[in-house]
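Me: I am new to this structure and would like the reasoning behind its description set out step by step. Please take the terms one at a time.

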Amino acid sequence: MLKQKNKKGNEGVESFLSSVLAVAAGLLFGLFILLITNSNEMFSGFLTILQGGFVDGMSGISQTLYLATPIVMTGLSVGFAWKTGLFNIGASGQFTVGAYVAVLIGVKCTGLPGSIHWLIAILGAAAAGALWGLVPGFLKAVANVNEVISSIMMNYIGLYLTNLLITKTVYDQTGNQSVPVAKTAYLPKAGLDKLFPEANLNIGILIAVLFVVGMYILINKTAFGYELKACGKNPDASRYAGINARKNIILSMVIAGALSGVGGALLYLSDFGKHMQVLDVIASQGFSGISVALLGLSNPFGILLASLFIAHITIGGYNLQLLSFTPELIDIIISAIIYFGAFSLLFKTVILRWTKKSKREETAS
């Protein structure tokens with residue numbers, strides 16, 4: 001039992017180190033980009049990126065948490081599906097339809113009590129996201145349709161359908177966007193605005209953290225989570241053991257979709273002046289979720305840290321405009337970090353081999 005715990009602990013350390021190496025490699029690449037862009041302000045720009053939201057005090061930290069919150073949810077969505085052997089590339093579509101339903105409830109259902117208006121909006125978003133995840137899950141379970149292809153198509157269906165529905169239900173013609181939700185639909189502050197008076201904080205990030213803890217328990221501490229992981233690792237052996245693989249595939253995509261849907265609600269109910277735009281652009285938060293899931297190696301707590309880090313350096317990238325850099329540079333740097341994040345497993349393998357070699361040398365001596 002003790003050996004098993006030590007083994008799990010070592011794997012956790014190796015996973016963490018591999019992610020750190022991926023981040024370091026991406027940042028070094030970013031430093032090189034800054035060098036060839038403007039060598040005179042290279043180090044100033046790099047320091048600005050590393051400082052991130054801390055430069056603007058509590059206001060910057062609040063903005064970092066705001067940007068991280070939906071990414072945590074879409075990251076959990078992708079990471080959870082990956083743990084069960086599925087690649088949920090449809091997080092963007094699930095996020096979008098969830099966001100629309102939350103906004104719709106926030107605008108139209110003004111008769112609801114303020115104490116539950118925001119909660120009903122979040123539950124509606126979760127249901128919409130779950131429905132959008134159900135379709136590729138059902139197709140995968142029943143007809144073995146590749147979930148990557150079906151979920152990509154659901155992204156576009158969700159995009160154009162919500163654009164149509166926004167113009168028909170909650171449209172603000174002056175801004176080509178959705179109208180503001182009722183104040184009763186805003187996420188509660190729960191005293192955070194008094195604790196941090198300079199920041200516009202609400203419970204959105206706390207809700208995301210609760211989901212992180214909940215998903216960790218579900219995946220690692222429950223029989224249901226064990227069944228889902230077993231189906232992902234070896235579907236044939238799972239069926240032989242009596243596990244209903246088809247049901248678990250559908251449930252996995254439904255849960256993943258609900259997580260993304262909640263992410264959409266948390267973004268647009270946060271009282272940050274954010275509105276749904278009627279644009280032919282797929283929500284970037286879904287693809288960011290894929291990124292942080294890779295960087296966090298699909299571990300819920302790793303996804304949380306990766307989301308906070310990506311949001312942090314994104315704020316730093318915005319501040320690059322104070323120097324003679326374009327803010328788009330941060331997108332290149334984040335892409336590089338994500339690219340190296342895809343090599344996390346390679347870094348993990350190298351660390352594992354080095355650790356085994358060191359142990360053999362110690363034993364031999």
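**Confidence, helices and enclosed spaces**

Reply: Within the chain of this predicted model, confidence is lowest in helix α15 (residues 344-364), with a mean of 66, and highest in α4, at 96. The chain as a whole averages a pLDDT of 86, and 88% of the residues score at least 70. As a general caution, predicted coordinates should not be read in detail where pLDDT is low.

Me: Why is Ala-128 called buried?

Reply: The term applies under 20% relative accessible area. Ala-128 has 13% relative accessibility, and therefore it counts as buried. Ala-128 belongs to helix α5 (residues 114-143).

Me: What makes Val-97, Gly-98 and Val-101 contacts of Ala-128?

Reply: Contact requires heavy atoms within 4.5 Å. With neighbours within four places in sequence set aside, Ala-128 meets this condition with Val-97, Gly-98 and Val-101. Ala-128 and Gly-98 are separated by 30 residues in sequence, yet their C-alpha atoms are 5.2 Å apart in space.

Me: How do you know that the span of helix α12 is close to the expected one?

Reply: The expected span is 1.5 Å times one less than the number of residues. Helix α12 (residues 284-295) has 12 residues, for which 16 Å is expected, and it reaches 17 Å from its first C-alpha to its last. The two values are close.

Me: Which residues of α12 are buried, and what follows just after this helix?

Reply: The buried residues of α12 are Gln-285, Gly-286, Gly-289, Ile-290, Ser-291, Val-292, Ala-293 and Leu-295. Just after α12, Leu-297 adopts a positive phi of about 55°.

Me: How many cavities of 30 Å³ or more are there, and what makes a space a cavity?

Reply: The count is two cavities of 30 Å³ or more. A space is called a cavity because a 1.4 Å probe fits in it but cannot get out. The volume of the largest cavity is about 80 Å³, and that of the second largest is about 30 Å³.

Me: What lines the largest cavity, and how do its residues divide by class?

Reply: Its lining includes Ser-62, Tyr-66, Asn-200, Ile-205 and Phe-272. Helices α3 (57-83) and α8 (204-221) each supply at least two lining residues, and α3 gives the most, with four. The classes are six nonpolar, six polar and no charged residues. Gly counts as polar and Tyr as nonpolar, so Gly-204 falls in the polar group and Tyr-66 in the nonpolar one.

Me: Which residues line the second largest cavity?

Reply: They are Leu-76, Gly-79, Phe-80, Met-215, Ile-219, Ser-298, Pro-300 and Ile-303. Helices α3, α8 and α13 (300-318) each provide at least two of the lining residues; the largest share, three residues, comes from α3. Six residues of this lining are nonpolar, two are polar and none is charged.

Me: What is the volume of the second largest pocket, and which residues are closest to its centre?

Reply: The second largest pocket has a volume of about 910 Å³. Of the 37 residues that line it, those closest to the centre are Lys-274, Ala-283, Ser-284, Gln-285 and Ser-288. Helix α12 supplies the largest share of the lining, six residues. Its residues divide into 24 nonpolar, 11 polar and two charged. Lys counts as charged, so Lys-274 is one of the charged residues of this pocket lining.

Key:
Residues are numbered from 1 along each chain as its sequence is written. This is a predicted model: local features need pLDDT of at least 70, side-chain atom pairs count only at pLDDT 80 or more; totals for chains, interfaces and linings use all residues. Side-chain values use heavy atoms; hydrogens and water are left out. Buried means under 20% relative accessible area, exposed over 50%, partly exposed in between (1.4 Å probe, protein chains only). On a 1 Å grid over the protein atoms alone, a cavity is a set of points where a 1.4 Å probe fits but cannot get out, and a pocket is an open set with protein on both sides within 12 Å along at least five of seven lines; lining residues have an atom within 4 Å of a point. Grid points are joined across faces, edges and corners, and a volume is the space filled by probe spheres set on the points. pLDDT is the predictor's confidence in each residue, from 0 to 100.
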